[in-house]
Amino acid sequence: RTTRHDTPSATVLSAGEIDVREGLGGPPLAGYTEECGEAVQRTAHAYLAGVRELAAAHGLQVLLLPVAPHAHRSDKNGKVVGRAARRGRTRCWNAAVRAGCG
């Protein structure tokens, strides 16, 4: 956190890693009717609303970092499809946050 005389305090936030394994494919979990991408977008919207609320309450300038994509690793161990899906969900999150920031 930094403070300058001409601007509010700046705070850097990162959402870290997104865990979406339960929604990556196959039939939806019991009680879930939406696609995983829709749920990611709704969550990003709620995240931004919370960030805006905190920023307003504390007079902060908030700098949001994107979530880093899942690592590219060897295709030999059979996890390539899951990793690709997680990268897609991460792109969806980052796009939703970027769009929500205007």
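Okay, let's start right at the end of helix 2: just past it sits Gly102, with a positive phi of about 70°. Before I go on, keep in mind that this is a predicted model.

So, back into the helix itself. Helix 2 covers residues 80-101. It has 22 residues and runs 32 Å from first C-alpha to last, which is close to the 32 Å you'd expect at 1.5 Å a residue.

What's buried along helix 2? Here's the list: Arg83, Arg86, Arg87, Gly88, Thr90, Cys92, Trp93, Asn94, Ala96 and Val97. If you're wondering what those buried residues pack against, look at helix 1, residues 36-58, and strand 3, residues 60-65.

Let me pick one of them, Thr90. Its relative accessibility is 7%, and buried means under 20%, so Thr90 makes the cut. Who does Thr90 touch, once you leave out residues up to four places away in sequence? The answer is Val67, Ala68 and Pro69.

Now let's flip to the outside. On the surface there's a nonpolar patch built from Val12, Leu63 and Leu65, and together those three show about 260 Å² of accessible area. Val12 belongs to strand 2, which spans residues 7-14. Is Val12 buried or exposed? Its relative accessibility comes to 52%, and the exposed label needs over 50%, so Val12 counts as exposed.

To wrap up, if you have the structure open, two residues to click on: Thr90, buried in helix 2, and Val12, part of that nonpolar surface patch. That's it from me.

Note on methods: Residues are numbered from 1 along each chain as its sequence is written. This is a predicted model: local features need pLDDT of at least 70, side-chain atom pairs count only at pLDDT 80 or more; totals for chains, interfaces and linings use all residues. Side-chain values use heavy atoms; hydrogens and water are left out. Patches are made of residues with over 30% relative accessible area and no salt bridge: like charges are joined within 9 Å, nonpolar side chains (Val, Leu, Ile, Met, Phe, Trp, Tyr) within 5 Å. Accessible areas come from the Shrake-Rupley method with a 1.4 Å probe; for residues, only the protein chains shown count as cover. A salt bridge is a side-chain nitrogen of Lys or Arg within 4 Å of a carboxyl oxygen of Asp or Glu. Helices (H or I, at least four residues) and strands (E, at least two) are DSSP runs, numbered from the N terminus. Buried means under 20% relative accessible area, exposed over 50%, partly exposed in between (1.4 Å probe, protein chains only). Contact means heavy atoms within 4.5 Å. The expected span of a helix is 1.5 Å times one less than its number of residues.
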